[in-house]
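Trainee: I should like a close look at a single part of this structure, with its surroundings described in order. Please give one connected account.

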Amino acid sequence: MCLGIPGQVIRMLEGYEGQLALVDVTGQPRKVNIGMLPEETFEPGDWVIIHMGFAVEKTDRAGAEQAMAGLQLMGRGPSPEGG
């Protein structure tokens, strides 16, 4: 697993040759480039690991939770209490 920020796909964005998705990242919508994963398909609800604005891995909820736990251990993610 790559160390990155997990996010959940909200929707694919029109244009951009199908390479941009709107992704919920800790409650904030972000444009994320999915072009590095051409073999994958994306739909609302899918989870991705993001590094430098690019989706570098498609994952599931457990993988996203594991990535966030790693960030919290490093003091980089939101606290488990929601802060």
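Mentor: The account below concerns strand S4 and the parts that adjoin it.

The model is a predicted one. Its chain has 83 residues, of which 31% count as buried. The secondary structure comprises five strands and one helix, and the order along the sequence is β-β-β-β-β-α. Strand S4 covers residues 47-51. Four of the five residues of S4 are buried, so the strand is mostly covered, where buried stands for a relative accessible area under 20%.

S4 has pairing partners in S1 and in S5. With strand S1, residues 5-12, S4 is joined by four bridges, and the two strands run antiparallel. Within this pairing, Ile5 has Ile50 of S4 as its bridge partner. With S5, the pairing is again in the antiparallel sense and extends over five bridges. Here Val48 stands opposite Lys58 of S5.

Lys58 deserves a closer reading, as several features meet at this residue. Lys58 forms a salt bridge with Asp46, and the closest N and O atoms of the pair are 3.5 Å apart. Asp46 belongs to the loop between S3 and S4, whereas Lys58 belongs to strand S5, so the contact ties together parts that are twelve residues apart in sequence. The cut-off applied to such a pair is 4 Å between the side-chain nitrogen and a carboxyl oxygen, and by this rule the count is one salt bridge. Concerning accessibility, Asp46 is buried, at a relative accessible area of 17%, while Lys58 is partly exposed, at 27%. The charged end of Lys58 also sits over the ring of Phe42, at 5.2 Å from the ring centre. As for pairs between aromatic rings, the count is zero.

The other end of S4 leads into a turn. S4 and S5, the latter covering residues 54-59, form a hairpin with two residues between them. Met52 lies in this turn and has a positive phi of about 55°, although Met52 is not a glycine. Its relative accessibility is 70%, so Met52 counts as exposed, the threshold for that class being over 50%. Met52 also takes part in a nonpolar patch on the surface, together with Met36 and Phe54. The accessible area of these three residues together is about 350 Å².

Two other places in the chain may be set beside this turn. One is the hairpin of S2 and S3, which likewise has two residues between its strands. In its turn, Thr26 has a positive phi of about 45°. Strand S2, residues 20-25, and strand S3, residues 28-33, run antiparallel and are joined by six bridges. Ala21 has Val32 in S3 as its bridge partner. The other place is the loop between S1 and S2, where Tyr16 lies. Tyr16 has a positive phi of about 55° and is not a glycine. With a relative accessible area of 49%, Tyr16 is partly exposed.

To return to S4: the strand is mostly covered, it is bridged to S1 and to S5, and the turn that follows carries the exposed residue Met52.

Notes: Residues are numbered from 1 along each chain as its sequence is written. This is a predicted model: local features need pLDDT of at least 70, side-chain atom pairs count only at pLDDT 80 or more; totals for chains, interfaces and linings use all residues. Side-chain values use heavy atoms; hydrogens and water are left out. Patches are made of residues with over 30% relative accessible area and no salt bridge: like charges are joined within 9 Å, nonpolar side chains (Val, Leu, Ile, Met, Phe, Trp, Tyr) within 5 Å. Accessible areas come from the Shrake-Rupley method with a 1.4 Å probe; for residues, only the protein chains shown count as cover. Two strands pair if DSSP finds at least two bridges between them. Rings of Phe, Tyr and Trp (its six-membered ring) pair if their centres lie within 6.5 Å; planes under 30 degrees apart count as stacked, over 60 as edge-to-face and the rest as tilted. A charge sits over a ring if NZ of Lys or CZ of Arg is within 6 Å of the ring centre and within 35 degrees of the ring normal. Buried means under 20% relative accessible area, exposed over 50%, partly exposed in between (1.4 Å probe, protein chains only).
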